[in-house]
Amino acid sequence: MSLEGKRILIAKPGLDGHDVGAKVIALALRDAGADVIYTGLRKSPDYIARVAVDEDVDAVGLSMLSGSHNEIVSETLLHLKELDASDIKIFVGGTIPRDDHAGLREAGVSGIYTSDMAIADVLKEIELELRNA
Amino acid sequence: MSGGKLNNRRKMSQALSRVANASVVETLKNQKELPKETLYRIGITGAPGSGKSTIISNLVSKRVDNGSRAAVLAIDPSSPLTKGSILGDRIRMDSVSNDPNVFIRSIPSRRSHDGLADNTADLLWEMEGYEFDEVILETVGVGQAEYSVRALVDTVILVLLPESGDAVQAMKSGILEMADIYVINKSDLPGAELIAAEINEIVSRNTYSSNEWKPCVLSTSNHSVESFNALDEAIDEHREWIKKSIDKEHERRSRVRYQVQSLINRRAEELLELMSLKEFDGRPKEVYEKLIKKLLIK
Ligand SMILES: Nc1nc2c(ncn2[C@@H]2O[C@H](COP(=O)(O)OP(=O)(O)OP(=O)(O)O)[C@@H](O)[C@H]2O)c(=O)[nH]1
Ligand SMILES: [Mg+2]
């Protein structure tokens with residue numbers, strides 16, 4: 001399995017300034033064959049959606065530790081929709097309480113990866129999700 | 001920016017992906033009629049980490065100041081092993097990537113080894129027709145031997161560093177005569193003046209007739225926004241010079257030549273990888289002829 005030819009945007013919305021997790025996943029995705037773009041810290045959902053469109057990515061990974069993930073996810077999805085880009089998949093990573101998972105899935109998130117998951121499992125799931133795209 | 005324009009943007013963006021992902025055969029089959037006039041193209045090249053993306057960011061913010069629109073194609077290297085890449089140029093262009101008049105596309109080099117990416121020529125052609133005023137191409141960080149960008153752009157900017165002593169040596173021996181504008185970046189670091197003087201000296205040693213372009217040597221630093229004014233002006237000057245002096249036919253032919261060469265390189269490499277080792281039985285001449293047959297596209 002490989003992510004060769006897939007374009008993935010790793011985005012850091014919200015106010016927290018920790019992007020170690022985002023960088024780890026970015027490197028792991030690259031090693032799995034993907035072309036990875038990273039937004040840098042503290043980007044707005046509107047900005048993230050526009051970069052996703054300009055870069056024509058297959059998926060956006062939102063890395064979040066700040067707790068405002070529900071708003072950020074719904075806003076990002078909304079902006080993507082406005083840009084006629086609802087086919088771009090959204091993954092969420094970081095500290096996401098169990099209780100929020102169902103709601104996020106319902107909103108349209110394709111995968112939720114909490115910090116306790118093994119990277120190899122995360123990659124496997126992303127590969128599966130994008131293969132059917 | 002209106003929603004309508006952005007929808008258009010999505011279409012353009014997807015069209016670019018199709019071009020980027022096309023195989024050699026697809027590229028040749030789908031090739032559009034070459035436009036008579038192409039957008040003005042600026043190429044920025046130089047060693048890894050020399051500051052190409054940072055310069056583009058500073059430059060673009062000046063160049064779209066008056067409402068014009070710029071597209072940036074920024075190439076980063078693909079891992080030959082995993083084929084993956086971290087496309088890190090965009091993050092250095094943070095300050096302009098919010099500007100609706102700026103479009104940035106990060107591109108992995110894929111199979112190319114010449115500082116450009118697969119299908120770069122077609123990607124540049126694809127940028128026509130979207131109301132951009134100019135296109136800026138950032139090459140992979142390369143050493144001194146890669147000048148492919150020359151064939152595809154109008155103005156070549158070579159970025160050097162205060163410690164680029166080896167580049168100066170290369171210039172002395174004449175290898176490094178490919179740029180229209182030399183930029184000593186990170187001129188806030190020690191040694192910048194020295195290297196600028198050396199390069200100026202090398203450039204001045206040559207004689208330029210009145211219809212030739214005399215390369216300019218400039219210093220920039222991201223600690224000084226003003227240092228990019230001179231670069232901005234030098235680009236405009238070169239653009240004006242090109243309008244008067246460049247033989248358009250010659251330019252078109254050089255671009256086609258580059259494109260054919262890069263398509264053949266890629267196709268040959270692909271085919272060689274597909275061939276089993278057994279197929280290399282025999283003398284090189286026979287294998288060579290077998291490969292040539294395979295290269296033909298029906
Ligand atoms: N001191 C100093 N540092 C600079 C300057 N311009 C860029 N840098 C730094 O140099 C590093 C590389 O800059 P980039 O713009 O990414 O260089 P690049 O040539 O695009 O790099 P690649 O695309 O990886 O080859 C970054 O850490 C920049 O902040 C400058 O004028 N002065
Ligand atoms: Mg760069």
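How far from an oxygen atom of ligand 1 does a backbone N or O atom of Gly51(B) lie? In this predicted model, the separation is 2.9 Å, and the legends below start from that contact.

**View 1. Backbone contacts to the oxygen atoms of ligand 1 in the predicted model.** Three glycine and serine positions of chain B are shown with their main-chain atoms: a backbone N or O atom of Gly51(B) is placed 2.9 Å from an oxygen atom of ligand 1, a backbone N or O atom of Ser50(B) is 3.2 Å from a ligand oxygen, and a polar backbone atom of Gly49(B) is 3.1 Å from one. Taken alone, ligand 1 has 660 Å² of accessible area, of which the protein covers 76%.

**View 2. The shell of residues around ligand 1.** The ligand is surrounded by 19 residues, and the closest of these are Lys52(B), Ser53(B), Thr54(B), Asp188(B) and Asn222(B). By class, the shell comprises ten polar, seven charged and two nonpolar residues. Helix H3 of chain B, spanning residues 52–63, supplies three residues, the largest share of this shell.

**View 3. Protein donors of the magnesium ion (ligand 2).** The ion is approached by OG of Ser53(B), OD of Asp89(B) and OE of Glu138(B), at distances of 2.0 to 2.1 Å, and along the sequence these donor residues follow the spacing S-x35-D-x48-E. Asp89(B), in the loop between strand S3 (85–87) and strand S4 (102–108), and Glu138(B), in strand S5 (residues 134–138), form a pair that links distant parts of chain B, with their positions 49 residues apart in the numbering. Both Asp89(B) and Glu138(B) are buried. Ser53(B) thus appears in two views, being listed among the closest residues to ligand 1 and also among the protein donors of the magnesium ion.

**View 4. The surroundings of Asp154(B) in chain B.** Is Asp154(B) buried or exposed? The residue, which sits in the loop between helix H5 (149–152) and strand S6 (155–160), has a relative accessible area of 8% and is therefore classed as buried, the cut-off being under 20%. For orientation, Met127(B) is 27 residues from Asp154(B) in sequence, and their C-alpha atoms are 15 Å apart in space.

**View 5. Confidence of the prediction behind these close-ups.** The predictor assigns the complex an ipTM of 0.94 together with a pTM of 0.94. For chain B, the average pLDDT is 90, and 94% of the residues score at least 70.

Notes. Residues numbered from 1 in each chain as written. Chains lettered and ligands numbered in written order. Predicted model: local features only at pLDDT ≥ 70, side-chain atom pairs only at ≥ 80, totals over all residues. Heavy atoms only, no water. pLDDT = per-residue confidence, 0-100. Near = heavy atom within 4 Å. Polar contact = N/O pair within 3.5 Å; in protein donor to acceptor, adjacent residues only side chain to side chain. Areas by Shrake-Rupley, 256 points an atom, 1.4 Å probe, with all protein chains shown as cover. Helix = DSSP H or I, 4+ residues; strand = E, 2+ residues; numbered from the N terminus. Nonpolar A, V, L, I, M, F, W, Y, C, P; charged D, E, K, R; others polar. Donors = N, O, S within 2.8 Å, 3.2 Å for Na, K, Ca; no water. Buried < 20%, exposed > 50% of the residue type's maximum accessible area, 1.4 Å probe, protein only.
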